[in-house]
Amino acid sequence: MIFDNTHFSEDLITTKIKTGLHIILTTDEDDSRPVYISGNFNDWLTQDKNFVMEKVGTGLYHFKFAHDFVLPNTILYKFTKGDWSAVEIDAIGERTENRSTNNHTGIQKEHVFRWRKNWLPFKPNFLPQIQLISDEFEIPQLNTTRKVWALLPHDYDYSNESYPVMYLQDAQNLFNENSGYGNWQIDKKLAVMSEYNVGKIIVIAVEHAEEDRLKEYNVGKTILGKGQGKKYIKFLVETLKPYVDDHFRTKKERAFTGIGGSSMGGLISIFSGLRHPDVFGKLMIFSPSLWVVPKMELKTYENSEATKIYLYAGGDESETMIEHVETFKNSILESEFVADKMKINLSINKLGKHNETYWSDEFPKAIEWLFFNTKDN
């Protein structure tokens, strides 16, 4: 049954309610994206399919907790359009406080004025500290040097915490406003994630090799020729990670260590994870260049915790991108070496193009799922 919010009668829904809490939401800004409710009843997950609100009219949604669902005494919650990049905000664009209720039955009416768009606005005081580790960080395996950056949580200097670490490729395009290709704006995304207590993380960003980028990110002999990827991976594992663990407060274990990138940066990240499952427990793979047709070999690693892979592809990147990533996912999961040792979240944006704008949108979703989502959903 479809209701129009201008003629909505509370009695129509009330007659359906016998037990359980029923939340009715109205909003001034509406579009085709689903609305989720996130709270202390589901670990604040923003993409929990069990908590999608049903749209029953223009700007009108509802959600009913099952009568046997165990709720906290005080229920805390917020509404999002699928993640913190599109969380509710007030009429002037400011963050809203957590909503709350002690009711476990009956109707709870709520209203959202506006929604964040692509993580904006962000608060500058939550921006990560960006440190240039070195202008010429030595890569002995390749007999060269490279700029390497660290993005630390905004309050790193005032905390004794240790943090998980994500190693990212192509640093030139991650937070540089002057990048010719645009950038992922990971600094702004990390700021909003910190503000909303999604979780804090250290990002180590390694610049690519400019004209030698394809060679450095290519592993073995492929249609691109003979690559230097194996040496680059050795640099990450044998040189860079030990340095980072010695100089920053990191959680060193594989369960807290990730690697990621896009395009050829995504490809080298796949190889890094498959060749060193004892080092990297999280892989963030965006639009990988699987057209290179690399030969991939899985290594076994006895560990009680599975490797998590967040795999993203856009439908408007190439004719074969989605086919390639789906084939990759299936081949990994069907491997006799994998069994229950890998969990893969495949995210596909049918309108997605091969550029930084779409990878920027996907970045915080991937970080949240890889590091801070403790439930399988």
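**A tour from strand 16 outward**

Begin by selecting strand 16, which is covered on both faces: Thr257, Ile259 and Gly261 on one side are all buried, and so are Gly258, Gly260 and Ser262 on the other. Buried here means a relative accessible area under 20%, exposed means over 50%, and partly exposed lies in between, with a 1.4 Å probe and protein chains only. Helices (H or I, at least four residues) and strands (E, at least two) are DSSP runs, numbered from the N terminus.

The model is predicted, so local features need pLDDT of at least 70 and side-chain atom pairs count only at pLDDT 80 or more, whereas totals for chains, interfaces and linings use all residues. Residues are numbered from 1 along each chain as its sequence is written, and side-chain values use heavy atoms, with hydrogens and water left out.

**The neighbours of strand 16**

Keep strand 16 (257-262) selected and add strand 12 (165-168), which runs parallel to strand 16 and is joined to it by 4 bridges; two strands count as paired if DSSP finds at least two bridges between them. To find the register, pick Leu168, whose bridge partner in strand 16 is Gly260. Next add strand 17 (residues 282-286), which pairs with strand 16 in the parallel sense over 5 bridges, and look from Gly261 to its bridge partner in strand 17, Ile285.

Now step back along the chain to Phe248, which lies in the loop between helix 4 (229-247) and strand 16. Is Phe248 buried or exposed? Phe248 counts as buried because its relative accessibility is 11%. Show what surrounds Phe248: leaving aside residues up to four places away in sequence, Phe248 touches Gln131, Ile133, Ala150, Leu152, Tyr156 and Ile202, where contact means heavy atoms within 4.5 Å. A C-alpha distance to try is the one from Phe248 to Val165, which are 83 residues apart in sequence and 10.0 Å apart in space.

**Helix 2 and its crossing with helix 7**

Select helix 2 (residues 186-195), where 10 of the 10 residues are buried. The cover over these buried residues includes strand 10 (129-139), strand 11 (144-152), strand 12, strand 13 (202-206) and helix 7.

Two packed helices are described by the angle between their axes and the distance between the axes. For helix 2 and helix 7 (residues 356-372) the angle is about 45° and the axes are 10 Å apart, the axes being lines fitted to C-alpha atoms, for helices over the stretch in contact, with angles from 0 to 180 degrees between N-to-C directions. Helix 2 and helix 7 are therefore oblique to each other: angles under 35 degrees count as roughly parallel, over 145 as roughly antiparallel, 65 to 115 as roughly perpendicular, and the rest as oblique.

To display the contact, select Ile186, Lys189, Leu190 and Met193 of helix 2 together with Ser360, Asp361, Phe363, Pro364, Ile367 and Glu368 of helix 7. These contact residues divide into 6 nonpolar, 1 polar and 3 charged, with Ala, Val, Leu, Ile, Met, Phe, Trp, Tyr, Cys and Pro counted as nonpolar, Asp, Glu, Lys and Arg as charged, and the others, Gly among them, as polar. Just after helix 2, stop at Asn197, which takes a positive phi of about 60°.

**Towards the N terminus: strand 5 and a second sheet**

Move to strand 5 (residues 75-80), where 5 of the 6 residues are buried, so the strand is largely enclosed by the rest of the structure. Strand 2 (residues 36-39) runs antiparallel to strand 5 and is joined to it by 4 bridges, with Tyr36 bridged to Thr80. Strand 7 (residues 99-101) is also antiparallel to strand 5, over 3 bridges, and here Leu76 has Ser100 as its partner.

In the loop between strand 2 and strand 3, pick Lys49, which is exposed because its relative accessible area is 66%.

The next selection is an open sheet of 4 strands in the order 3-4-1-8, with mixed pairing. Strand 3 (54-57) and strand 8 (106-112) are its edge strands, each pairing on one side only. Strand 1 (residues 21-27) runs parallel to strand 8 and is joined to it by 7 bridges; Leu21 stands opposite Gly106 in strand 8.

**The whole chain**

Finally, zoom out: the chain comes to 7 helices and 19 strands, and 54% of its 377 residues count as buried.
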